[in-house]
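Q: Could you take a close look at one part of this protein for me, the aromatic rings and how they pair up? I'd also like to hear what sits around them and elsewhere in the fold.

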Amino acid sequence: MDLLLHTAHHLDFSRMGERTATDLGGCRIYTGHHGKPGGPALVFVHGGYHGAWCFSHYLDYFAQRRIGCYALDLPGHGALAAGMRPDMGVEFLAARLVECVAKLARPVVLVGHSVGAIPVMRAAMDLDLHGLVLMAPSPPGNLPGARALPMVPADKLRAAPSPAEVRRRFLDVADDVCVDSVMALMCPESPAVLNDRYALRIHIDPGRIACPGVCFEAGRDDEDRHPEGQNLAIARFLGIDYALLDSQPHCMMYGPQWQESAQALCAWYRHHLDVKQ
């Protein structure tokens, strides 16, 4: 089965349509594998413009290793995109995430990507988590030295990035790579979420996050939004581990070498949570 994972096209997300989905706490959560009874499950939370679909390969990877794994659509994203509103901010998404995890009623390791890492960090302040994983994260608003960015108009949804931006910012691939499958699944984003990040409005209290964690930096990330040193600063601010994945683009979970990031996460999970294959 591992051979199939390595030969499948990294921009083919069709497997998501085969997964069981349940609505919990205003989110839609997709099951990869239930894992061992009582074992901590990975719960993947997407970033801006995305949905659970972007973790399709990860769900297969961890399911093959019998590790509990789920991916969710936050409100207004993925299959829930029709409900998107311009006023849906990080605090709203974090509250729904807390409710979803509570209703899942099992030990959880929250995994947040990009701007999705902010509601994940905020939710972690109110949850008894077994682990916290940040992948190419946006910074907390109170991170010393965090870089603010220009805000976007607050009264209308922000359209998904263009194919050229997806190739450059998300995947770091050549201009002739077809990204139609990504474009077909991305959704507009709430300006409230983006401005919460750009204006550094969401502060995180590290003292309220009491679990092991790791921050994975994408070595080929977009320097404008993820400047050198920011990911390491986030890890130190939260008191969690840090790892640089040199070959990975911003969207490491579906980049050309996504398996390497999955392997790094799996190794961290097994080391800190003592789960054997």
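A: Contact here means heavy atoms within 4.5 Å. Keep in mind that this is a predicted model.

With that in hand, start at α5 (163-171). Within α5, Val166, Arg167, Arg169, Phe170 and Leu171 are buried. The cover over the buried residues of α5 includes α6 (180-183), β7 (213-220) and β8 (241-249). Just past the end of α5, Asp172 takes a positive phi of about 50°.

Now to the rings you asked about. The structure holds 11 aromatic pairs. Take Tyr58 and Phe62: their ring centres are 6.2 Å apart and their planes sit at 75°, so this pair is edge-to-face. The cut-off behind that label is an angle over 60 degrees between the planes. Both residues belong to helix α2 (residues 56-64), and being 4 residues apart there puts about one helical turn between Tyr58 and Phe62. As for exposure, Tyr58 has 0% relative accessibility and counts as buried. Phe62 is buried too, with a relative accessible area of 0%.

Next comes a pair that reaches out of α2. The ring centres of Tyr61 and Trp258 lie 6.3 Å apart with the planes at 85°, so these two are also edge-to-face. Tyr61 lies in helix α2 while Trp258 lies in helix α9 (residues 258-273), so the pair ties together parts that are 197 residues apart in sequence. Tyr61 and Trp258 are both buried.

Put those pairs in context and you get a cluster: ring pairs link Phe44, Phe55, Tyr58, Tyr61, Phe62 and Trp258. Tyr61 has a charged neighbour as well, since Arg65 lies over the face of its ring, at 3.7 Å from the ring centre. There's another case of an arginine over a ring: Arg85 lies over the face of Phe92, at 5.6 Å from the ring centre.

Finally, a word on the pocket. The largest pocket has a volume of about 410 Å³. It is lined by 26 residues, and the closest to its centre are Tyr49, Arg169, Leu194, Tyr198 and Arg225. The elements giving two or more residues to that lining are α5 and α7 (191-198). By type, the lining of the largest pocket divides into 11 nonpolar, 8 polar and 7 charged residues. That brings us back to α5, where Arg169 is among the buried residues and is also one of the residues closest to the centre of the largest pocket.

Key:
Residues are numbered from 1 along each chain as its sequence is written. This is a predicted model: local features need pLDDT of at least 70, side-chain atom pairs count only at pLDDT 80 or more; totals for chains, interfaces and linings use all residues. Side-chain values use heavy atoms; hydrogens and water are left out. On a 1 Å grid over the protein atoms alone, a cavity is a set of points where a 1.4 Å probe fits but cannot get out, and a pocket is an open set with protein on both sides within 12 Å along at least five of seven lines; lining residues have an atom within 4 Å of a point. Grid points are joined across faces, edges and corners, and a volume is the space filled by probe spheres set on the points. Ala, Val, Leu, Ile, Met, Phe, Trp, Tyr, Cys and Pro count as nonpolar, Asp, Glu, Lys and Arg as charged, and the others, Gly among them, as polar. Rings of Phe, Tyr and Trp (its six-membered ring) pair if their centres lie within 6.5 Å; planes under 30 degrees apart count as stacked, over 60 as edge-to-face and the rest as tilted. Buried means under 20% relative accessible area, exposed over 50%, partly exposed in between (1.4 Å probe, protein chains only). A charge sits over a ring if NZ of Lys or CZ of Arg is within 6 Å of the ring centre and within 35 degrees of the ring normal.
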